[in-house]
Amino acid sequence: MSIKLLIPTPLRPYAGKQSVIEVNAQTVGDALNILVMKHPDLRKHLFSEDGKLRSFVNVYLNDEDIRYLSKDATPVKETDTITIVPSVAGGR
Amino acid sequence: MAALIDGSQASLSNEEILRYSRHLIMPEVTLDGQKKLKAARVLCVGTGGLGSPLALYLAAAGVGTLGLVDYDVVDYTNLQRQVLHYTSDVGRLKIDSAIDKLTAINPFVEIKRFDTYLDSQNVIDIFRDFDIVSDGTDNFATRYLVNDACVLSGKPNVYASIFRFEGQASIFATEAGPCYRCLYPEPPPPGLVPSCAEGGVLGVLPGLLGVIQATEVIKLILGAGEPLIGRLVLVDALGMRFRELHVRKNPECPVCGANPTVTQLIDYNQFCGIRGDESETATTAKIPEIQPEELKRRLDAQEDIFVLDVREPHEYQIVNIKGHLIPLGDLPTRIHELDSSREIVVHCKSGARSAKAVDFLRSSGFKHATNLIGGILAWADRIDTTLPKY
């Protein structure tokens, strides 16, 4: 089913400058895999070399961190939104 | 939540009562709340984009003691957003400029001045005499330092960060709530996440986020409302959307978890830099470079040199040295525009992107590609001083 992935500003250059990308997926893990297949430049920003989600990138399904759901295996439904929330440090 | 601030010993003069009258008549503040504000001691780390609105509003609201930490000097590029500092302050210490403005707004505020770079050695001493810390810094090392020091010294950290049109805000390191490391256990390697200096920032964005920080600081002092604990507010100024995400306290957090592994402060530059520094030197070490003076001499001598500019078109529009423009991201698909038999000097704004471009070109068979040291900024400083800098 088609769900929305929200791409934050710092990662948009690696996602064809798009802020929202729709993918057909059954789980959060599927959705992220499809995303990096469509946009290979995103891979190193989201995953470490061993394929794990990087520790300075959080993935939320709606308003919950997937680390506290079923991680990659968290099922998604049509109305869900996945948000990628990378750490940013700017303040000056 | 237990009261953070005891205002019972504070007293307000008639002048102060008049000044704060719009607070005093509100049931959420009253005289008791204003006395808490007066008794409160808040440390603002940074007096830049976030620190400016934060400190201005805290001073105006009557926070009794404001600590300021900054070692930086005001420059022209700060003025688009750092509203504590005026054109006439360029070249002055930000902290001196800040103290002037804050004292002018509210002479009843006592200001503590820390003209220093916050580090593992001084942070606990500096934090000691404050009740709340508000983090408006601009780098990961200081953000992890502030977080860990807040957890270890038991002080709430009212947090915000910004990039271009987007910001994040939360309160970390309260007793029951999560800390910054619960949200982000580790920093990104250097270079992977652009800073405001590299990526730009909308001038009003730190205004929005700094005012959120000020609001949360004041609520913590008053003990009023629902504090932004365990929630991360995401602000998208371009879409003008505010979203809220849950942030949970991680029971395995290395600093605030049940069995912490970080029980004293560490070397935060190393924590935030070691991997990136290694990969950075590994790639830049073998990249051939040219000084601006050498390029100028050889261009003047009519040598056959192709100048390639790998910045973005909007940067080219600000200033250029008539190089052929191919943004770094487009280089792989537009490489056919280049002649591998010619000598190519690549430049960007300050040299980092062009180093990546030279690395890519060399690995694609362009044996005569070199990187202009310091980019167009160095050219504007040392060769053609009529050019604008940005």
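In this predicted model, A:Leu61 of chain A has A:Ile82 in β5(A) as its bridge partner. That pair belongs to a run of 5 bridges that joins β3(A) to β5(A), the two strands running antiparallel. A:Leu61 also has something across from it in another strand: in β4(A), it stands opposite A:Glu64. Here β3(A) and β4(A) pair over 2 bridges, again in the antiparallel sense. The two strands make a hairpin with 2 residues between them, and in the turn A:Asn62 shows a positive phi of about 55°. As for its surroundings, β3(A) is largely enclosed by the rest of the structure, because 4 of its 5 residues are buried.

The β3 strand turns up again in the packing of helix α1 (residues 28–38) of chain A. In this helix the buried residues A:Val28, A:Ala31, A:Leu32 and A:Leu35 can be picked out. They span an arc of only 95° around the axis, so they sit on the same side of α1(A). The cover over the buried residues of α1(A) includes the strands β1 (2–6), β2 (20–24), β3 and β5 of chain A, along with α2 (43–46) of chain A.

Now to the contact between the chains. It takes 21 residues from chain A and 35 residues from chain B. On the side of chain A that touches chain B, the elements giving two or more residues are β3 (57–61), β4 (64–65) and β5 (81–86) of chain A. Sorted by class, that side of chain A has 10 nonpolar, 7 polar and 4 charged residues. For the complex, the predictor gives an ipTM of 0.90 and a pTM of 0.85.

Chain B has 390 residues, of which 42% are buried. Its secondary structure comes to 16 helices and 13 strands, and its C-alpha atoms fill a box of roughly 80 × 50 × 40 Å along the principal axes. Of the contacts in chain B between residues at least 6 apart in sequence, 68% join residues at least 24 apart. Confidence for chain B averages a pLDDT of 93, with 96% of the residues scoring at least 70. One stretch to treat with care is residues 274–283 of chain B, where the pLDDT is below 50; beyond near neighbours in sequence, this stretch has 8 contacts in the model. Where pLDDT is low, the predicted coordinates should not be read in detail.

Strand β2 (residues 65–69) of chain B is mostly covered, with 4 of its 5 residues buried. Its parallel pairing with strand β1 (residues 41–45) of chain B runs over 5 bridges, and one of the partnerships there puts B:Cys44 with B:Leu68 in β2(B). Among the helices, α3 (residues 30–39) of chain B has B:Gly33, B:Gln34, B:Lys35, B:Lys36, B:Leu37 and B:Lys38 as its buried residues. These buried residues of α3(B) pack against α2 (21–24), α4 (51–61) and α10 (205–222) of chain B.

Further along chain B comes an open sheet of 5 strands in the order β9-β13-β12-β10-β11, with parallel pairing. At the edges stand β9 (289–290) and β11 (324–325) of chain B, each with a single partner strand, so one side of each is left without a neighbour in the sheet. Within the sheet, strand β10 (residues 305–309) and strand β12 (residues 343–347) of chain B pair in the parallel sense over 5 bridges. B:Asp309 has B:His347 as its bridge partner in β12(B). Lying across β12 and β13 (369–372) of chain B is helix α15 (residues 352–363) of chain B, which runs at about 175° to β13(B).

A closer look at one edge strand picks out B:His324, which has its place in strand β11 of chain B. This residue counts as partly exposed because it has 14 C-beta neighbours inside 10 Å. Leaving aside residues up to four places away in sequence, B:His324 touches B:Phe306, B:Val307, B:Leu308 and B:Asp309. The C-alpha atoms of B:His324 and B:Val346 are separated by 9.4 Å, the two residues being 22 residues apart along the chain.

Key: Residues numbered from 1 in each chain as written. Chains lettered and ligands numbered in written order. Predicted model: local features only at pLDDT ≥ 70, side-chain atom pairs only at ≥ 80, totals over all residues. Buried ≥ 20, exposed ≤ 12 C-beta atoms within 10 Å, placed from the backbone. Contact = placed C-beta atoms within 7 Å. Nonpolar A, V, L, I, M, F, W, Y, C, P; charged D, E, K, R; others polar. Pairing = 2+ DSSP bridges. Axes fitted to C-alpha atoms, helices over the stretch in contact; angles between N-to-C directions. pLDDT = per-residue confidence, 0-100. Arc of directions from axis to C-beta.
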